[in-house]
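Here is a small set of exercises to work through with the model open beside you. Try each task on your own before reading the solution below it.

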Amino acid sequence: MILFNLELLNFKKYTHKTFAFEEGLVGIIGKNGSGKSTIFEAILFALYGELKNKGSKELIRNSNVSEKEVVSVTLEFEFDDATFKVAREFRGKTLSANAKLYKNGELITTGAKEVTNSIVKLTKMNKDAFLHTLFASQKELTSLSNLKPEDRKKMIRRLLGLEKIDAVETMLIEKSRGLKREIDAFREVLLSNDEVTHKEGLIKIQNDSKMKILEELANNSKTLEILKTKELEAKKELDSLQKTKENKTKLQSELEVLKTSIASLTKQQIKSTADYQALELKQKELSNLNPLKIEYEQLQIKLKELQKLKEIQLKIDGLGKEQTQLREQYSKAKKDIEILELEVKDYNQLKLSHQTSKLSMESLSTKIKENDTAIKAINSQISGEQKLIDTTKLQIAQIETLGKASACPTCTRPLLEEYDNVISTLLETVESIQKEKIEKYKEKLFVFENRKTTLDTQKEKDEKELQEFAKKISIIEVKQKDLLKVQAHFQEVEAKGKQNKKELDELSTYSYDGKIHQELELKEQTLKPKYETIQKLQTEVQRVSVVQKELEELKTNLEEKTKLFSLKENEIKAVVYDEVTHTQKQTAFTQLQKEKDSLTTIINDFKVQIASLDGEIKTLQNALDSNKTHLAKLSTKQQDVSDYEKIKLSLGEFKTKLNSKVAPRISTIASTMYSQITKGKYQHIEVDNDFDFYIYDEGKKFPIDRFSGGEVDLANLVLRIAISKTLGELSGAGNIGFLAFDEVFGSQDESRRMEILEAFHTIKEQYRQIFLISHEMEIKEMFERVVEL
């Protein structure tokens, strides 16, 4: 297998990164934490879909990307002269997995598990075998010689995958022990031959007792069936007598109901006849009162007309009052309008004066600002000149302190005989500046400050004037709003007055006489009680036809009920029933039931005895059946123990044969490379069956810890490579084209690092690619190819 390209997207620390791998000795160099080891984690992940150490899938996603971003790893490699590409990607919050495998550009497999199975089939290695065969760390190299013999043996067996055989052997031993414990447990619960014979005898005795009880049960059951037949016949006869009795009782009850119904109908007929006669008298009385009814109804019509005229008169009176109020409001509004119009007439003139004053204020502000700027400039000039005076005075003080040996403030040479002239010149400069420039600036400043006072006074006056104009304008604007409201109110009053006048003109045609209205109301009060009596009579008289119909229905119903009563009496006479016979039959039936119940109790006792015997027989038989089952299971488990012992023996023979091949093969491969690396100084490395290491020096065998640190490092290196080759041969993977070593230099000094690198250069012809991962930046020049992170 040769690696070509690796592309990472959002994988661990890499957001997007592509690596191209060339053949030869390749150094992957970078500081700690730069992601060197992540490259080979990604290669392992691309091939098998798992990290080196299993954990949460969330660990593969770059921490700086969202859950929506895709995580993908793509690896291109050569195997058996064919080019393969495996691509794995994970999507969504749950990192749903998908994978694709291409061969020479053609898609051959899809699905995460399917691609992993195809890779295992192709390389003939699972993840652990691939990891132990192609990858090695500095810890593994040093452990080969530094560990205790037993720990070293465990480590090498783990690398070679032999610990799985050990695990199977341990499992077989545990299984065998468990089976033996189960066999002992079964033997403890098995019945002896005497116990089996005793239980079989008890079953025979119980079966004989059961047969005797069954014979008695059969005889009693026949007697019970005869009693049940007699009981059934007696029950039928009793049921017939009971039905006859119930029928006669029912007919007598119905006859009594008819008798009660006839009496009730007769009472209703008498009452309805009296009601009908009374209604006929009221009908005559209503006919005599009919003229009074007509008079009252006509009076009601006249009263309604007068009530309508009264309402119109009230409306006229209301409109008249409203008109009086509207006239007052009209006059007041008109007067208010005249006053407000007078108060707002100067508004435009005030606005113009206010605008003029505002412009004057703005011009004055500009002048004040210009004057302030000029004052500030003069003060700045005075300050500059004063600073120059202070500097000159400081120079004079320094020169006077140092005397004639002081340096010239202009050319920096010693003053010597020019000392007095320099002091004099500097003093004249100070006096000149003080008298001429500063005095002139102060005169100008005085003029501008006086001007500022005048302008500030003018500004204060103008501001008061501007505020006064604004106050007057604000008052007038309020008055203008009041004027608009009053004008609107005036128009509303005027419109309402015109509308009311129009309504009064329309209503002037109506006339209302209150006296007549009052007289008619008094008359209505007199006639109303009589009219209410008439209405009551009308309501009652309406029932004449109803009562008449009720009388006819009562008569018909009474005749029908009388006929039914006669028929029901004849039907009762036809029913034949003897109470004494019924009682005798009931007594005989009760006696028959007691005999049946007594016999049933005896039969049930027999059944209980039989059930008890069946339970005892079943318990005994279950014990015998369980004993047979335990015997069968015991035989099966004894056979399983025998099979496990055979498998364990075969596995031991296999381990012996495997060890006899593995250790010599590691010795052969390691010896060839060690001789090559040491240029023939050491010809042979021996690995015994306990995986202890020995180096031959001039034909003599010595333990590996007898040699120098550098020689042990090289021995560890070739031993680790020999283990990888042997592991590849055991898995049937053939010739693996690359190896990878992670931080093999460890904390080695410069000379030992160089020795290890030279060793890799010596053996690189045996592999098309050798990857060395290191954080030592200074060794990158020793590599043919470098991937720097």
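## Exercise 1: Q591 and its distant neighbour

At 43% relative accessibility, Q591 counts as partly exposed. Keep in mind that this is a predicted model.

**Task.** Find out which helix holds Q591, and how far its C-alpha atom is from that of E231.

**Solution.**
- Step 1. Locate the residue: Q591 belongs to helix α13, which covers residues 579–677.
- Step 2. Classify its exposure. Partly exposed is the class between 20% and 50%, so the 43% of Q591 falls into it.
- Step 3. Compare sequence with space. Q591 and E231 are 360 residues apart along the chain, and their C-alpha atoms are separated by 9.8 Å.

## Exercise 2: The overall dimensions

**Task.** Work out how the radius of gyration of the protein chain compares with that of a compact globule of 789 residues.

**Solution.**
- Step 1. Take the reference value: a compact globule of 789 residues would have a radius of gyration near 28 Å.
- Step 2. Set the model beside it: the protein chain has 67 Å.
- Step 3. Look at the extents. The C-alpha trace spans about 160 × 150 × 60 Å along its principal axes.
- Step 4. Add the secondary structure: the protein chain has 15 helices and 14 strands.
- Step 5. Check burial and surface. Buried residues are 35% of the 789, and the accessible surface comes to about 48,900 Å², with 52% of that belonging to carbon and sulfur atoms.
- Step 6. Turn to contacts. Among those with a separation of 6 or more, 76% are between residues 24 or more positions apart.

## Exercise 3: Pairs that lie apart in space

**Task.** For K228 and D346, say where each residue sits and give one C-alpha distance for each.

**Solution.**
- Step 1. Place K228: this residue is in helix α7, residues 193–288.
- Step 2. Read its exposure. K228 has 38% relative accessibility, so it counts as partly exposed.
- Step 3. Give its distance: K228 and Q386 are 158 residues apart in sequence, with 149 Å between their C-alpha atoms.
- Step 4. Place D346: the loop between α8 (290–343) and α9 (347–402) contains this residue.
- Step 5. Read its exposure. D346 has 44% relative accessibility and therefore counts as partly exposed.
- Step 6. Give its distance: D346 and K148 are 198 residues apart in sequence and 118 Å apart in space, C-alpha to C-alpha.

## Exercise 4: Following β5, β6 and β7

**Task.** Trace how β6 pairs with β5 and with β7, and find a positive phi in each turn.

**Solution.**
- Step 1. Start with β5 (residues 82–91) and β6 (residues 96–103): they run antiparallel and are joined by 8 bridges.
- Step 2. Pick a partner pair. F84 has K103 in β6 as its bridge partner.
- Step 3. Inspect the turn: this hairpin has 4 residues between its strands, and G92 shows a positive phi of about 80 degrees.
- Step 4. Move on to β7 (residues 106–110), which pairs with β6 in the antiparallel sense over 4 bridges. Here L101 stands opposite T109 in β7.
- Step 5. Inspect the second turn. It has 2 residues between β6 and β7, and N104 takes a positive phi of about 50 degrees.

## Exercise 5: Two asparagines with positive phi

**Task.** Decide whether N10 is buried or exposed, then do the same for N104.

**Solution.**
- Step 1. Recall the background: most residues other than glycine have a negative phi.
- Step 2. Check the angles. Phi is about 60 degrees for N10 and near 50 degrees for N104.
- Step 3. Place both residues: N10 is in strand β1, residues 2–11, while N104 is in the loop between β6 and β7.
- Step 4. Apply the cut-offs. Buried means under 20% and exposed means over 50%. N10 has 5% relative accessibility, so it counts as buried, whereas N104, at 53%, counts as exposed.
- Step 5. Look at the strand that follows N10. β1 and β2 (residues 14–20) pair in the antiparallel sense over 6 bridges, and N5 stands opposite A20. Their hairpin has 2 residues between the strands, including K12 with a positive phi of about 50 degrees.

Terms used: Residues are numbered from 1 along each chain as its sequence is written. This is a predicted model: local features need pLDDT of at least 70, side-chain atom pairs count only at pLDDT 80 or more; totals for chains, interfaces and linings use all residues. Side-chain values use heavy atoms; hydrogens and water are left out. The radius of gyration is taken over C-alpha atoms; the globule rule is 2.2 Å times the number of residues to the power 0.38. Buried means under 20% relative accessible area, exposed over 50%, partly exposed in between (1.4 Å probe, protein chains only). Contact means heavy atoms within 4.5 Å. Accessible areas come from the Shrake-Rupley method with a 1.4 Å probe; for residues, only the protein chains shown count as cover. Two strands pair if DSSP finds at least two bridges between them.
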